[in-house]
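Biologist: Please take one strand of this model and go through it closely. I would like to know how it sits among its neighbours.

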Amino acid sequence: MAYEKFEVELPLKCGVTLPAFLTYKTLGDPKNPAVMIPTCYTGRIAGTMNAFIGDDDAVSPKKYFVIVVGLLGGSESSSPSNQPAPFDGANFPKTIYEDNIHAQFKLMKYLGVDKLFCYMGYSMGGQQAYHFATLYPDHVQKIIPLASSAQTSGFNWNFLEGVKSTLKASSDFMANTYTEPVIVGTTAFGRVYSNWALSYEWFKTKAWEAAGYKSSEEYLLSDWEKRLNTWDARDLLQMAVTWQEGDIAIYHDNDYAKALGAIKAEALVMPSRTDQYFRWEESVEEVKYLKKGTLAIIETVWGHIAGGGVGTAEDNVFINKTISEFFAK
């Protein structure tokens, strides 16, 4: 499917000005309240939050103007794999959430939107929601971080170091000089990452059977190895660094509580009970400091990925219902 492209001269936090582009799609009438949804780690526009976007879902294009936008480094917007020289490949500069949010704000204004009704996102998308509400507090009414956090924890950071290492150590990464797909590296990456993205309970209850697979091996091969083989290794590393540096406290004297307390938007915080790296306990702490925060824990065995709409049908019904009620407040 062909998407729209928004070109922008983007001064990055690292000091480089990138001739960047954001790839995006819109659904619905621009006159309706706007909902922005960014992609997440290893997420592309076509598969972003589909369980919650639809005529009969919480984010209905009949009611809302929906903007789905690609993350910098995420293979559709400016990324190591698609940026023209001189910033192509290994020459692509470091990007962080702040860079994404400034570019998205420019896109929003270009589309004629002054204030978002809601900014919602899963995983890295949820971290972007927190950053948008921090950097542009008067331009968003509500935020919904799903399976996410306002600050990347040390545990989360170190998990990412592990999966990054599987790419860097692979024989076909070639010390970041590769010119062919890093299949050895992305295959190992998918295997290592899958265990973290799911949960102990997922394996114990043989949840792959409910998803239509005969074995965990069949599921892991299809949904992790083969899917990750479609990704460029530099894009995966680029996004991981953005994720690792996620922290809204840096805009408030490194004071985590102060940063959360400064958010004006109403927040619906939806962690997964079995998420191994965006821990639900962190969400409980966040809601303590948010002025207008509501906590709704997703009770699931599908770990982190339940927040993206790929858990059970029951998970998705709960998420849709909770979002709809939040929108109606």
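Modeller: Take strand E3, residues 34-38: five of its five residues are buried, so the strand is largely enclosed by the rest of the structure. Keep in mind that this is a predicted model. In a regular strand the side chains alternate between the two faces of the sheet. In E3 both faces are covered, with Ala 34, Met 36 and Pro 38 buried on one side and Val 35 and Ile 37 buried on the other.

Next come the neighbours. Strands of a sheet pair through backbone hydrogen bonds, either parallel or antiparallel. E3 runs parallel to strand E4, residues 65-69, and five bridges join them. Within E4, Val 69 stands opposite Pro 38. E3 also pairs with strand E5, residues 116-122, again in the parallel sense, over two bridges. There the bridge partner of Met 36 is Tyr 119 of E5.

The wider sheet is open and has eight strands in the order E1-E2-E4-E3-E5-E6-E7-E8, with mixed pairing. Its edge strands are E1 (4-11) and E8 (293-295), each of which pairs on one side only. From one strand to the next, the twist averages 20°. An antiparallel pair is formed by E4 and strand E2, residues 17-27, over four bridges. Tyr 24 stands opposite Val 69 of E4.

Helices complete the picture. Helix H10, residues 313-328, packs on the sheet and touches E5, E6 (140-146) and E7, and its direction makes about 165° with that of E6. Helix H9, residues 280-289, lies across E7 (266-269) and E8, running at about 150° to E8.

Key:
Residues numbered from 1 in each chain as written. Predicted model: local features only at pLDDT ≥ 70, side-chain atom pairs only at ≥ 80, totals over all residues. Heavy atoms only, no water. Buried < 20%, exposed > 50% of the residue type's maximum accessible area, 1.4 Å probe, protein only. Pairing = 2+ DSSP bridges. Axes fitted to C-alpha atoms, helices over the stretch in contact; angles between N-to-C directions. Contact = heavy atoms within 4.5 Å.
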